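Subject: Model handover

Hello,

Here is the structure for your files. Please look it over before reading my notes.

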Amino acid sequence: MQSTDVALLKTLCGIFAPSGNESSLTTYLIDYVNEHKATWKVQPELIYGDEFQDCLILKFGQPKTAIFAHLDSIGFTVRYENQLVPIGGPETETGYILVGQDSMGPIECKLKDEDGHLFYDFGRGIESGTDLVFKSDFRETKDYVQSCYMDNRLGVYNALKVAETLENGLIIFSCWEEHGGGTVPFLCKWMYENHQIKQALVSDITWITEGVTHGNGVAISLRDMSIPRREYVDKIVALADASGINYQIEVERSGGSDGREIQLSPYPIDWCFVGAPEDNVHSPDEIVHKADIDAMVSLYQYLMKNL
Amino acid sequence: MQSTDVALLKTLCGIFAPSGNESSLTTYLIDYVNEHKATWKVQPELIYGDEFQDCLILKFGQPKTAIFAHLDSIGFTVRYENQLVPIGGPETETGYILVGQDSMGPIECKLKDEDGHLFYDFGRGIESGTDLVFKSDFRETKDYVQSCYMDNRLGVYNALKVAETLENGLIIFSCWEEHGGGTVPFLCKWMYENHQIKQALVSDITWITEGVTHGNGVAISLRDMSIPRREYVDKIVALADASGINYQIEVERSGGSDGREIQLSPYPIDWCFVGAPEDNVHSPDEIVHKADIDAMVSLYQYLMKNL
Amino acid sequence: MQSTDVALLKTLCGIFAPSGNESSLTTYLIDYVNEHKATWKVQPELIYGDEFQDCLILKFGQPKTAIFAHLDSIGFTVRYENQLVPIGGPETETGYILVGQDSMGPIECKLKDEDGHLFYDFGRGIESGTDLVFKSDFRETKDYVQSCYMDNRLGVYNALKVAETLENGLIIFSCWEEHGGGTVPFLCKWMYENHQIKQALVSDITWITEGVTHGNGVAISLRDMSIPRREYVDKIVALADASGINYQIEVERSGGSDGREIQLSPYPIDWCFVGAPEDNVHSPDEIVHKADIDAMVSLYQYLMKNL
């Protein structure tokens, strides 16, 4: 069994990276990988730069399967006056603390929701176009971790933990997932044209529901708003059975992920969403059971070897 | 004039192939083509396998135009307990009979719609993630055929009938059309990059409306939610006029097909929806006039020669 | 400072080119460019034809940045009887004058909106599938120009004015922007694969709002329904500051442009919407301040040199 590296997860949850504005997290990850890779089983090649916008790819050995983990988070953009417009679909409770920065300096303000119209409450005006995110208040108990942005810093964390022992595979950190997408298309193009990768796993966080509950393992999603190819998800479930790792089957009607963009890409790439479940989705209080995180890392390790 | 091959159509309507889970129908078609192609005017090359997921392409001679016929049908996925979520947009009347299979064996159950929440009624629980489809009750009268899944087994049937005399062209059997798409992008890529195909016909079934009625010929759609390029649809209408075959002009505001994905592909491929109309859309009682089926086959034969 | 070439703008506003039916405007532009290019600083290469559907590309020197201007307009398609369905999202006030043509001759009729159901009022029936557009009533005052289709004939006008002095760059006239898109994907493919273009500017018209007003300069949009990459829009704002040209920052939650399709293309192309604002959007009375038009042309000239 794994033991959750809470310090790393806490750091990730506190990095500013709303959709379209992910470069701080990209830079953090490049530095993190360069510092840690010497201790990893296989040294990955780091692929990034202009042709990848703010994405980062780690290439290990001879890849056959790709892990997608999106970097970006939900948040808010300052419109005019004290108005805000959402980035992605954030919960909007009056009193939530938002942070960011404009040319006048750092910002820590409060969110106000008046009948669905969003405003900030701050001692000065904030420049139009400034992005704000939830302030991270990271909490840990014996069984749980809690903060904004478990979705998807936990998916990123999972990828970094899997990286430690990964021999063959791609780890792809994508952008814009929470707000319309746009990097998965060129990432699919790159990975298919250069490495003929036809298998993807989406390392992202899902929802606690009546069928998926805390502490019962990582969720394998058989569908959400999109329907992955049955042959592929059946193979993953069969491997999960063989692994002995705790997992839960998820079946939903709504919700989407990088998987949707993989499916719509002009490449025959199969995908499956595999991730720990959280409660209080898209709020500053996203909460996940540590055992589900550990099951997530373990199952990814197993799948990347056996898929 | 053609004469409808009712036995083949009946068989096609009864094959289990909801979106994402089309492989039984793919296998059936591969076998069918291999058994029958010796009697066809031109022997097509069969193209399928891993790089095409569950799609199948038939290549005849020097192709200039492609026929797209989607294999998949609407249906339902078992969620938790006795809940169902839809695949595509099925009609949901309490009492409709659904069939499928899970690891415990074959399933024949009843659909229940309680204020838009969907359930199944069956003697045992069904495994989460199991797909169910309408049970085919195929009916034939002098003028009509009726069953679930005329949409789009009739489009598949049309393609197979056209195949018998086709000299040059592609027939492309796609997947996932009823639920978000995802194979047309790589199919367009393949057909454009390998054969520079710029012309497509969408072999699919449309709706009886105040402007498109039973027995008045195949419908040529000038638009639905998407608008095909005027120059191309004008050419098709002019050919239809020249052919002497019965046709009806369709103009709608909503509804979509593989045509939408062809238009959005990064290739300059024109498309036009040409198909017989049905009533009782997306129910177990889809009904089509035989003369419209025969007009559909005849017009495709003419267009594939003259376009 | 520029001085608005009102005659050219007026001509452009009167050309029939609803989405999917743009070829008249394409032909006009090819002729216009061939007639005027001798007087331009650099002679562009004209790229068009079958592989580009009804699009047109002008290539100047060694291009590094592309200007996208969509040709198509909103409008209406005749359905059955005297019914109309919209092309894109037009305003629909009873009494608006619509023009078009079918096989029986030219049409000038009136729009009727009865509780959201649209009809035409004309002395004879119009053939199903006929496209109709607003009749242009071009008005000019000291400060303003007004007509239908400022969106986007003004974006086209801007591109043609920038063309006069452009040394390096692509000008891309796209189609279908108002109704679902479909040409930007293959245009991106062409420009990236042939010229490795990673920078785009969307030459289109935006809305007067509480934050963007008449006469205060061209709008630089930091976001609409899509969020462009922050690093790129920051660079454009910094250049606009350096240029001394009047501009306004726009931040919206809704609205889309060719930018959305550029973002979703499988190429790492940055985009930013830069355009004059109008009032009475998508009506026959779209009105724009001349100073904002001149600022638009000036800023594009500056950006194409310095980006």
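Below are the notes on chain symmetry and helix packing.

This is a predicted model: local features need pLDDT of at least 70, side-chain atom pairs count only at pLDDT 80 or more, and totals for chains, interfaces and linings use all residues. Residues are numbered from 1 along each chain as its sequence is written, chains are lettered from A and ligands numbered from 1 in the order written, and side-chain values use heavy atoms, without hydrogens and water.

Symmetry. A turn of 120° and a shift of 0.0 Å along the axis lay chain A on chain B with an RMSD of 0.0 Å (least squares on the C-alpha atoms of residues with pLDDT of at least 70 in both). The two copies are thus related as by a three-fold rotation axis.

Chain A. Helix H3 (residues 150-163) of chain A packs on helix H7 (residues 290-306) of chain A at about 50°, with axes 9 Å apart (helices are DSSP runs of H or I, at least four residues, numbered from the N terminus; axes are lines fitted to C-alpha atoms over the stretch in contact, and angles run from 0 to 180 degrees between N-to-C directions). That makes H3(A) oblique to H7(A) (neither under 35 degrees, nor over 145, nor 65 to 115).

Contacts (heavy atoms within 4.5 Å). In H3(A), the residues meeting H7(A) include Leu154(A), Tyr157(A) and Lys161(A). Their partners in H7(A) include Ile293(A), Met296(A) and Tyr300(A).

Chain C. The axes of H3(C) and H7(C) come within 9 Å and cross at roughly 50°. H3(C) and H7(C) are therefore oblique to each other.

Best wishes

Conventions:
Helices (H or I, at least four residues) and strands (E, at least two) are DSSP runs, numbered from the N terminus.
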